[in-house]
Amino acid sequence: MNLESILFSQGFGSRRQCRAMIVDGRVAIDGAVLSDPATDLSAAGLTFSVDGTAWPYREFAYVVLNKPAGYECSREPQHHLSVFNLLPPPFATRGVQCVGRLDQDTTGLLLLSDDGKFVHALTSPKRKVPKVYVATTRYSLDDAQLDALRSGVLLHGEPKPVAAVAAHARATHTLELTVLEGKYHQVKRMVAAAGNRVEALHRKRIGGLTLPEGLSEGTWQWLDDAALASLRGG
Ligand code: URA
């Protein structure tokens, strides 16, 4: 693949913009500037740099973000900043999207990708991928609330009760629960239906992937092969 096509595929702008970046000497490989857009390269495993920042070539982008509160999972946010403000611009340009949405005030594990099959596999209701949340509640948790969450609560607009596959109190006001769906405000609505109220919500796990411990709030990293396998059930 030629260098211009590589930059274009990675989201560095239009073909004309990518060509200009190369001709202007902003692109290098192993410290050597490559100023010919037609330079033919093997893309697999390639790392190039743009303005000194290294960028690995990836056919698809798979990213984990530790989402802070106050960011919307939309490229066109209504009232807050977008999670895309926390990511390098090429991700949005190449069509990376959130793998299921978190509310603006929810923190924690957010996946993003431009691989439509991957997004579908993790968000399709049929796949029933478990999502683990930790909720801080306004009132003390009790057995009746936990039983209601486990056996199923009726949510407005839903034909059938929705149940958590696991729910336990980690402390008087800290609930850990696992759900298989990704309905709008699902955890908040379930907890409200069980007679309590969510004050803060954090997602810690999707499928086999736990939010990496060293990933501080507001930062992101590429998913490695092991992380992808844990999400694909491997
Ligand atoms: N459930 C909610 O209520 N909010 C989220 O952000 C995620 C799950």
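Helices (H or I, at least four residues) and strands (E, at least two) are DSSP runs, numbered from the N terminus. The model is predicted: local features need pLDDT of at least 70, side-chain atom pairs count only at pLDDT 80 or more, and totals for chains, interfaces and linings use all residues. Residue numbers start from 1 along each chain as its sequence is written, and side-chain values use heavy atoms, without hydrogens and water.

**View 1. Shell around the ligand.** The surrounding residues are Leu102, Asp103, Thr106, Tyr133, His185, Gln186, Val187, Lys188 and Leu201 (a heavy atom within 4 Å). Four of these residues are nonpolar, three polar and two charged (Ala, Val, Leu, Ile, Met, Phe, Trp, Tyr, Cys and Pro count as nonpolar, Asp, Glu, Lys and Arg as charged, the others, Gly among them, as polar). Helix H6 (residues 186–193) contributes the most, with three residues.

**View 2. Polar contacts of the ligand.** Contacts are pairs of N or O atoms within 3.5 Å. A side-chain N or O atom of aspartate 103 is 2.7 Å from a ligand nitrogen atom. Ligand oxygen is 3.2 Å from a polar backbone atom of histidine 185, and a backbone N or O atom of lysine 188 lies 3.0 Å from an oxygen atom of the ligand. Of the 240 Å² of accessible area that the ligand has on its own, the protein covers 95% (Shrake-Rupley method, 1.4 Å probe).

**View 3. Ligand and domains.** The assignment, automatic or from a database, gives domain 1 (3–56), domain 2 (62–125 + 211–233) and domain 3 (131–206). The ligand lies between domain 2 and domain 3 because both give residues to its shell. The centres of domain 1 and domain 3, over C-alpha atoms, are 47 Å apart.

Conventions. Polar contact = N/O pair within 3.5 Å; in protein donor to acceptor, adjacent residues only side chain to side chain.
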